[in-house]
Amino acid sequence: NKYIRESNTFTRYQFQSGNPNSLSSNTIRHIMEDSSGMLWLGTFGGGLNKFNPKTESFTRFTANPSDPATISANQVMVIYEAPSEPGILWLGMGNTGLCRFNTTTSKVQRFPANFSNPNGLSYNTVLAINEDRAATLWIGTYGGGLNKMIRQPDGTYQFEYYTERDGLSNTSIYGILEDDIGHLWISTNYGI
């Protein structure tokens with residue numbers, strides 16, 4: 001829904017069967033405006049949607065299990081554009097980890113949890129993403145704790161993760177914020 005202050009009215013955007021330019025699902029999990037003014041909507045079941053406010057139309061990006069160039073699932077829990085990488089969206093997925101989505105090329109890089117790799121993402125449900133002042137990406141999972149994403153010199157990524165043994169009150173993380181002096185504030189099932 002778009003609220004129009006001047007007239008105190010709403011414009012409603014919904015899924016329309018047979019219309020590929022409509023919203024792909026009526027269950028919205030996250031909305032984010034990117035650095036170019038486009039709105040991105042993560043849906044629970046309909047993938048990722050880009051909304052162009054000027055044309056009032058949607059572009060859909062959905063998962064295709066047989067195509068690794070698509071997003072990894074149609075449950076997009078969180079969307080984040082890191083200040084250090086304008087045009088790159090990080091998508092926290094419902095059950096398939098993390099995706100890096102290039103808004104210009106629509107190219108996708110997937111990061112599923114890898115439980116046998118101590119340098120892999122710790123859990124497949126990602127609910128929170130934030131970049132700190134040092135351009136380090138922090139990923140909050142639902143049950144796998146806090147992950148620090150480290151870019152390697154060859155362009156690959158490794159993860160370090162933190163759980164209760166490191167001082168977290170709980171391993172289910174819903175939000176990550178950095179304060180003015182560089183501390184991370186993390187919301188969990190058992191407080192901050």
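**Strands and pockets in a predicted model**

Tutor: In this predicted model, strand 3 and strand 4 pair in the antiparallel sense, over five bridges.

Student: What makes strand 3 and strand 4 a pair?

Tutor: The cut-off is at least two bridges between the strands. Strand 3 and strand 4 have five bridges, so they count as a pair.

Student: Which residue in strand 4 is the bridge partner of Ile28?

Tutor: Thr43 is the partner of Ile28.

Student: Which sheet holds strand 3 and strand 4?

Tutor: An open sheet of four strands, in the order 3-4-5-6, with antiparallel pairing. From one strand to the next, the twist averages 25°.

Student: Why are strand 3 and strand 6 called edge strands?

Tutor: Each of them pairs on one side only. Strand 6 covers 57-61.

Student: How do you know that strand 3 helps to line the largest pocket?

Tutor: Strand 3 (28-33) supplies at least two residues of that lining, and strand 4 (39-43) also supplies at least two. The pocket holds about 280 Å³ of space. Of its 13 lining residues, those closest to the centre include Ile31 and Leu41.

Student: What makes a residue such as Ile31 count as lining?

Tutor: A lining residue has an atom within 4 Å of a pocket point. Ile31 is listed in the lining, so it meets that cut-off.

Student: How do the lining residues of the largest pocket divide?

Tutor: Eight are nonpolar, three polar and two charged.

Student: Which strand gives the most to the lining of the second largest pocket?

Tutor: Strand 13 (residues 146-151), with three residues. That pocket has a volume of about 160 Å³.

Notes:
Residues numbered from 1 in each chain as written. Predicted model: local features only at pLDDT ≥ 70, side-chain atom pairs only at ≥ 80, totals over all residues. Heavy atoms only, no water. 1 Å grid on protein atoms, 1.4 Å probe; cavity = no way out; pocket = protein on both sides within 12 Å on 5 of 7 lines; lining within 4 Å. Points joined across faces, edges and corners; volume = space filled by probe spheres on them. Nonpolar A, V, L, I, M, F, W, Y, C, P; charged D, E, K, R; others polar. Axes fitted to C-alpha atoms, helices over the stretch in contact; angles between N-to-C directions.
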